Structure formats: structure tokens, C-alpha cells
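Colleague: I should like to learn how to read a structural model feature by feature. May we take the topics in turn?

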Amino acid sequence: MVVYDVTKFLEDHPGGDEVLRSATGKDATDNFEDVGHTDRAIEMMNELYNVGEIDTSTIPKKTAYKPPKQPQYNQDKTSEFIIKLLQFLVPFAILGLAVGIRFYT
């Protein structure tokens, strides 16, 4: 893999300098070939300063991200059954209180 210094070409690049900057520090071969550059563009590439070559065997393999396994956090340590029971009973208690107030007033 060949490394190029395209600094002098940033302002003249037809696709804008963002295209070149987005490829900084990585292999842009596929990006370059996918665009379908002309023979002149390929010649210009050969004229740009060749910084060196990278030994591809030294590039680390990408690994898939695996989030760490964490236990479910229960701050107050209340059992889930009690919480579900309260979620069911509290609305009925409020409804009963409202009916009782309405009935006695």
C-alpha cells in the first residue's frame, strides 16, 4: 500500500478538499477506484509525492465491538414483584379516594 502526500492538490481537487481529508490516515484505494477517475487523474496521482509504503501485515485487524455485560441496576433493591403490585394498586387507590371524596362532599 502506497502513501501519498496530496497536500498540494487539496484546493484543485474537483470533488473538494473534504473528500481528500476524509481519507486521511486510511486506505483510500477503494474510494479512488469507485469514483472512476480518468487516466489523467491516475497520472496526476503518480506525480504526487510518494511518502512511502505500508506493510499491510502490520495493520491490526478490526474487531467487532461487544459492550460489557452489566447486571441490571436496581437502586433501592426493591423486588420487581412489589413494584408491579404498586403500579397496579396505586391507581386504584387514587380512583377510590376520588370517588370517596365525590361521594361524601
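Modeller: The dialogue below takes up a pocket, the salt bridges, some individual residues and a surface patch. Please note that this is a predicted model.

Colleague: Let us begin with empty space. What volume does the largest pocket have?

Modeller: The general idea is simple. Rolling a probe the size of a water molecule over the atoms shows where empty space is left. In this structure, the largest pocket has a volume of about 1100 Å³.

Colleague: How many residues line the largest pocket, and which lie nearest its centre?

Modeller: The lining consists of 35 residues, and those nearest the centre of the pocket are Y4, V6, A23, A28 and M45.

Colleague: Which elements each supply at least two residues of that lining?

Modeller: Strand β1 (2-5) does, as do the helices α1 (17-22), α2 (29-35) and α3 (39-47).

Colleague: How many residues of the lining are nonpolar, polar and charged?

Modeller: The lining of the largest pocket comprises 21 nonpolar residues, nine polar residues and five charged residues.

Colleague: I turn to the charged side chains. How many salt bridges does a search of the whole structure find?

Modeller: A salt bridge is read from the distance between a side-chain nitrogen of Lys or Arg and a carboxyl oxygen of Asp or Glu, with a cut-off of 4 Å. A search of the whole structure finds two. One joins D17 and R21, whose closest N and O atoms are 3.1 Å apart. The other joins E43 and R40, at 3.7 Å from N to O.

Colleague: Where do the partners of each pair lie?

Modeller: D17 and R21 both belong to helix α1 and are four residues apart, about one turn of the helix. E43 and R40 are both in helix α3, three residues apart, again about one turn.

Colleague: Why does D17 count as partly exposed?

Modeller: The class between buried and exposed runs from 20% to 50% relative accessible area. D17 is partly exposed because its relative accessible area is 26%. In the other pair, E43 is partly exposed at 43% relative accessibility, and R40 is partly exposed at 43% as well.

Colleague: How far apart are I42 and F32 in sequence and in space?

Modeller: Sequence separation and spatial distance are read side by side. I42, in helix α3, is ten residues from F32 in sequence and 9.5 Å from F32 in space, C-alpha to C-alpha. I42 is partly exposed, since its relative accessible area is 38%. N31, in helix α2, is 15 residues from G16 in sequence and 14 Å from G16 in space, C-alpha to C-alpha. N31 is also partly exposed, at 43%.

Colleague: Finally, which residues form a nonpolar patch on the surface?

Modeller: The patch is formed by F81, I82, L85, L86, F88, L89, V90, F92, I94, L95 and V99, with about 1100 Å² of accessible area together. One of these residues, F92, lies in helix α4 (residues 80-104).

Terms used:
Residues are numbered from 1 along each chain as its sequence is written. This is a predicted model: local features need pLDDT of at least 70, side-chain atom pairs count only at pLDDT 80 or more; totals for chains, interfaces and linings use all residues. Side-chain values use heavy atoms; hydrogens and water are left out. Patches are made of residues with over 30% relative accessible area and no salt bridge: like charges are joined within 9 Å, nonpolar side chains (Val, Leu, Ile, Met, Phe, Trp, Tyr) within 5 Å. Accessible areas come from the Shrake-Rupley method with a 1.4 Å probe; for residues, only the protein chains shown count as cover. On a 1 Å grid over the protein atoms alone, a cavity is a set of points where a 1.4 Å probe fits but cannot get out, and a pocket is an open set with protein on both sides within 12 Å along at least five of seven lines; lining residues have an atom within 4 Å of a point. Grid points are joined across faces, edges and corners, and a volume is the space filled by probe spheres set on the points. Ala, Val, Leu, Ile, Met, Phe, Trp, Tyr, Cys and Pro count as nonpolar, Asp, Glu, Lys and Arg as charged, and the others, Gly among them, as polar. Buried means under 20% relative accessible area, exposed over 50%, partly exposed in between (1.4 Å probe, protein chains only).
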